[in-house]
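Please open the model in a viewer and keep the sequence panel visible. The tour below proceeds by selection, one stop at a time.

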Amino acid sequence: MEGERMGVFENISIPGHEMVSFFQDKTIGLKSIIAVHNSTLGPTCGGLRIWPYESEEAALKDVLNLSKAMTYKSAMAGLELGGGKGVILLNKNQSKTEELIKSYGRFVDTLGGKYITTTDVGSDVNDLQWISEETKHVVGLPVNQGGSGDTSIMTGLGVYLGMKACANHIWGTDSLSGKTVAFQGFGKVAKQAAIHLVKEGVNIIATDIDDFKLKQASELGAQIVGVSEIYDAKSDIFSPCALGGTINSNTIPRLSAQIIAGGANNQLESDEMCALLSEAGIIYAPDYVINAGGIINASCEIGAEYSELKSREKTERIFDITSNILKISDDQKISTVEACNKIVLEKLSN
Ligand code: NAD
């Protein structure tokens, strides 16, 4: 039997989102949600997250937050794209399969281009190849197949430049030489950022739940610590690069870093954390500003032949965009998150 839509949304109020679709394909065990947050600036685009969520509510919350963040991310990066996101909910002990991914591809296709999919946590370029057999609304395929390739290269570059902009703001120099960066999660993005940092003489501390990732971190010279110990590790910059929500009232008092700058989406448990960060004297580089390299890279494939040079040039603007946010935050005595919100809401209302 082909996939069928679930009718669970009628009674759920989802303010601020243009569209949220649920899809279930019982024959192969696919449960998926796609959220289209805002398409004012263009078609919505965002990655596919494949995750063993604890509940359907948790998956819904995640996809709503992530798609909204994509609207803000693309707007801040000056792209003609809106925000959307897809998730596949894995059952306990369920692994992704070609059939599962292709079924998701058919789901994306039913939306007729309102949502363009790419990779996020749990999905990779192989998945995109399968998806591309079912829909043309996919970006991030390998460069030799007409795509823009691995998003994490530019995302890592942007995170690195965001760190440098913060350093310049508080230490008066963008040099990070001799500083220590603590990575929470050492996946694709963290590794790409760390490659730049190591070249600049930065000390790396890393944690991950995956031994292979820890091996990669060690090979780059990182000091490895336990998953919980990362908050207490002495560092200048704390870099969340795993999942969201790890900056909260329990973890902020444990941080020694003066800067939080990482790749993970939705790092703050809530916007209220801005006040706690300010009290603790910690500067926060808004996640969606400095992790925009991936969507910038993917956008270079839409409507034009992909050029790595153009993508790099656009990604390098993250340094100036971050510096501007930090300045507005200082001048207007508002948090960096509020500074971004103001800019985005103005763009969306024009
Ligand atoms: P990834 O899956 O390659 O890396 C995430 C890493 O975090 C994995 O190695 C995983 O084992 C680890 N991890 C998970 N839970 C952990 C925990 N509790 N403690 C420590 N480590 C843990 O994904 P990625 O592409 O590197 O993305 C990292 C983050 O950046 C995600 O939040 C993603 O949404 C965001 N992001 C990625 C891109 C991109 O281009 N890939 C772009 C923008 C934002």
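Begin by selecting Ala-206 together with Ile-224 in β8, which is its bridge partner. The model is a predicted one, in which local features need pLDDT of at least 70 and side-chain atom pairs count only at pLDDT 80 or more, while totals for chains, interfaces and linings use all residues. Residues are numbered from 1 along each chain as its sequence is written, and side-chain values use heavy atoms, with hydrogens and water left out. Helices (H or I, at least four residues) and strands (E, at least two) are DSSP runs, numbered from the N terminus.

**Stop 1: the parallel sheet**

Extend the selection to β7 (residues 203-207) and β8 (residues 223-224). These strands pair in the parallel sense over two bridges; two strands count as paired if DSSP finds at least two bridges between them. Four of the five residues of β7 are buried, where buried means under 20% relative accessible area, exposed over 50%, and partly exposed in between (1.4 Å probe, protein chains only).

Next, add helix α6 (residues 211-219), which forms a right-handed β-α-β unit with β7 and β8. A crossover is called right-handed if, with the strands pointing away from the viewer, the path from the first strand over the helix to the second runs clockwise.

Now select strand β6 (residues 180-184), which runs parallel to β7 and is joined to it by five bridges. Val-181 stands opposite Ile-204 of β7. Between β6 and β7 the chain passes through helix α5 (residues 188-199), again as a right-handed β-α-β crossover.

In what order do the six strands of the open sheet lie? The order is β8-β7-β6-β9-β10-β11, with parallel pairing. β8 and β11 (283-284) occupy the edges with a single partner strand each, so one side of each is left without a neighbour in the sheet.

**Stop 2: β9, β10 and the loop between them**

Select strand β9 (residues 237-240) and strand β10 (residues 259-260), a parallel pair held over two bridges. Phe-238 has Ile-260 in β10 as its bridge partner.

Then centre the view on Gln-258, in the loop between β9 and β10. Is Gln-258 buried, partly exposed or exposed? Its relative accessible area is 38%, and it is partly exposed. Apart from its neighbours within four places in sequence, Gln-258 is in contact (heavy atoms within 4.5 Å) with Ile-170, Trp-171, Asp-236, Gly-281, Ile-282 and Ile-283. A distance label between the C-alpha atoms of Gln-258 and Lys-188, which are 70 residues apart along the chain, should read 24 Å.

**Stop 3: helix α4 and its two partners**

Two packed helices are described by the angle between their axes and the distance between the axes. Select helix α4 (residues 152-171) and helix α10 (residues 308-316), whose axes come within 9 Å and cross at roughly 25°. The axes are lines fitted to C-alpha atoms, for helices over the stretch in contact, and angles run from 0 to 180 degrees between N-to-C directions. The crossing angle makes α4 roughly parallel to α10; angles under 35 degrees count as roughly parallel, over 145 as roughly antiparallel, 65 to 115 as roughly perpendicular and the rest as oblique. Residues that make the contact include Ile-153, Met-154 and Leu-157 of α4 and Ser-311, Arg-312 and Thr-315 of α10.

Exchange α10 for helix α11 (residues 318-332): the axes of α4 and α11 come within 8 Å and cross at roughly 40°. That angle makes α4 oblique to α11. Among the residues that meet here are Leu-161, Ala-165 and His-169 in α4 and Phe-319, Thr-322 and Leu-326 in α11.

**Stop 4: the antiparallel strands**

Select strand β2 (residues 30-38), in which eight of the nine residues are buried, so β2 is largely enclosed by the rest of the structure. Seven bridges join β2 to strand β1 (residues 19-25), and the two run antiparallel. Four residues separate β1 from β2 in their hairpin, and Gly-29 in the turn has a positive phi of about 80°.

Six bridges join β2 to strand β4 (residues 82-89), also antiparallel. Ile-33 is a useful point to label: its bridge partners are Phe-22 and, in β4, Val-87.

**Stop 5: two loop residues**

Finally, select Asn-93, in the loop between β4 and α2 (98-110). Asn-93 has a positive phi of about 70° although it is not a glycine, and it is exposed at 78% relative accessibility. Lys-333, in the loop between α11 and α12 (336-349), has a positive phi of about 50° and is exposed, with a relative accessible area of 74%.
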